[in-house]
Amino acid sequence: MKVLVLSNKVPYPANDGSSIAMSSIIDALLKNEAEVTLLSINTKKHFKSEEATAAQLPTRLDFHKVYHNTSITPWGALANLFSGKAYHVSRFYFSAFAKKLVQLLQQNSFDIIQIEGLSMAVYIELIRKYSQAKIVLRAHNVEHIIWDRHLENESNSLRSKYLKIQNSRLAKFEIQSLKSVDAIVPITEEDKQLLLPWISKSKPIQSLPCGIDIEAKDTCSKASTQTADIAYLASFDWMPNVQGIEWFMQKVWPLVQELRPDTTFHLGGRHMPSSFQKWEKRGVSLFQDVADMRKFISSARIVIVPLLAGSGMRIKVIENMALGKCQVSTTIGAEGVNIENGKDIILTDSPEDFARAISNLLHDDELRTFVETQARKTIETSYSNRQLGKDLMKFYQSLI
């Protein structure tokens, strides 16, 4: 089977949630003998050098990329108001990528064209013009629902008004895209249920989670030394991550310090706002450039996932589970992952319970070890890339 994958960023090296999700599904397809071509936008915001990409690029992957600055700008945001289009996605359409896409479609006969996320759906009309392949939307999230949730907690009135306009346009584009593709592969069963009201009953749809290459030697490794009590690692160019950690620092961290004054917290991630520096005076160590995600996460006794908004699957949750980490998360933070509260992870939504869970786990080594062990078992039995790829290939065969 020949599969063309379109992505809004280069997923190698896989150093953030969406990159992990994309590289994971490519690995799953390759493990099941699919011929995979990847065409990515190499953005200014998430730029990947030739050297960094080559270090992780699978040998059997036919890889192409086109550079473009897709960053949100004040002028672009203002000009977009008069276009009638959703700025969330319209900024990902540009002529150089379209030209490269047409070239690949003319030179190859693909069976499946897999669109990674809603932003690449801007190319559906072009694909239809040059290819007979089945178009599949791999829905990482239900995008407009993420922004609905974010708006519930948006305090800036001007920004709220602008985002409401954009989200209305985004919802319209998302629903139209769902109707335009031949099939949909949401990452979670929850998202599948959210999408069903907007598609026909005959539309093929199958949920498939992001997996882990459990055959890789360093996937389930565990650090021998731990230097922090708590860790959180995220990309802070995604608004829900900023919102979540601000909630944690304002509402939860003071309670943690009351319960356990000597608690240490390592906070890491790219695009960290300068405003985070004020937290260093409150017992937090900041790490803006984390070279080794696994080492950073493994060096803490507990990992937190304090998200208040989002949709789809929390890739960081299964990454942390694969490393055998005990996690405390909000319900939304662990959404889309097939886990059991109190067994694979601790879920809680109130600041008081969140702080108490952290304190209990730091004091109770036996409980923490139990959660770590169960988390690793769940990854090994339910999130293997090889098996997930087999399921996806069976679904794709049914389409063609």
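**Salt bridges, helix packing and surface features of the predicted model**

Both Asp229 and Arg260 are buried. In this predicted model, the two residues form a salt bridge, with their closest N and O atoms 2.9 Å apart. Asp229 belongs to strand β7 (residues 228-233), whereas Arg260 is placed in the loop between α10 (239-259) and β8, so the salt bridge ties together parts that are 31 residues apart in sequence.

A second salt bridge joins the side chains of Asp365 and Arg301, at 3.6 Å from N to O. Here the partners come from helix α14 (Asp365) and strand β10, residues 300-305 (Arg301), so parts that are 64 residues apart in sequence are tied together. The two residues can also be described by their accessibility. Asp365 has a relative accessibility of 42% and counts as partly exposed, while Arg301 is buried, with a relative accessible area of 17%. The value for Arg301 falls under the 20% limit that defines a buried residue. Through salt bridges that share partners, Asp229, Arg260, Asp262, Arg301, Asp365 and Arg368 are joined into one network.

In the whole structure, a search finds 14 salt bridges. One of them is formed by the side chains of Asp16 and Arg270, with an N to O distance of 3.1 Å. This pair links distant parts of the chain, 254 residues apart: Asp16 is in the loop between β1 (2-7) and α1 (17-31), and Arg270 is in the loop between β8 (265-268) and β9 (284-287). Asp16 counts as buried, at 7% relative accessibility, but Arg270 is partly exposed, with a relative accessible area of 25%.

The packing of helices was examined next. Two packed helices are described by the angle between their axes and the distance between the axes. For helix α13 (residues 351-363) and helix α14 (residues 365-382), the angle is about 100 degrees and the axes are 5 Å apart. Because of this angle, α13 is roughly perpendicular to α14, as angles of 65 to 115 degrees are placed in that class. On the α13 side, the contact is made by Leu361, Leu362 and His363; on the α14 side, it is made by Asp365, Leu367 and Arg368. Asp365 and Arg368 are also members of the salt-bridge network.

Thr348 is found in the loop between β12 (346-347) and α13. With a relative accessible area of 10%, Thr348 is buried. When neighbours within four places in sequence are left aside, the residues in contact with Thr348 are Val328, Ser329, Thr330, Thr331, Asp353 and Phe354. For one of these, Ser329, the C-alpha to C-alpha distance from Thr348 is 6.3 Å, although the two residues are 19 residues apart in sequence.

Another pair brought together in space is formed by Ala52 and Pro13, which are 39 residues apart in sequence and 6.3 Å apart from C-alpha to C-alpha. Ala52 lies in helix α2 (residues 50-56) and, at 28% relative accessibility, counts as partly exposed.

At the surface, Trp75, Leu78 and Phe82 make a nonpolar patch of about 450 Å². Leu78 is located in helix α3 (residues 74-80). This leucine, Leu78, is partly exposed, with a relative accessible area of 43%. The value for Leu78 is therefore over the 30% relative accessible area that is needed for a residue to belong to a patch.

Definitions and conventions. Residues numbered from 1 in each chain as written. Predicted model: local features only at pLDDT ≥ 70, side-chain atom pairs only at ≥ 80, totals over all residues. Heavy atoms only, no water. Patch = residues over 30% accessible without salt bridge, like charges linked within 9 Å, V, L, I, M, F, W, Y side chains within 5 Å. Areas by Shrake-Rupley, 256 points an atom, 1.4 Å probe, with all protein chains shown as cover. Salt bridge = Lys/Arg side-chain N within 4 Å of Asp/Glu carboxyl O. Helix = DSSP H or I, 4+ residues; strand = E, 2+ residues; numbered from the N terminus. Buried < 20%, exposed > 50% of the residue type's maximum accessible area, 1.4 Å probe, protein only. Axes fitted to C-alpha atoms, helices over the stretch in contact; angles between N-to-C directions. Parallel < 35°, antiparallel > 145°, perpendicular 65-115°, else oblique. Contact = heavy atoms within 4.5 Å.
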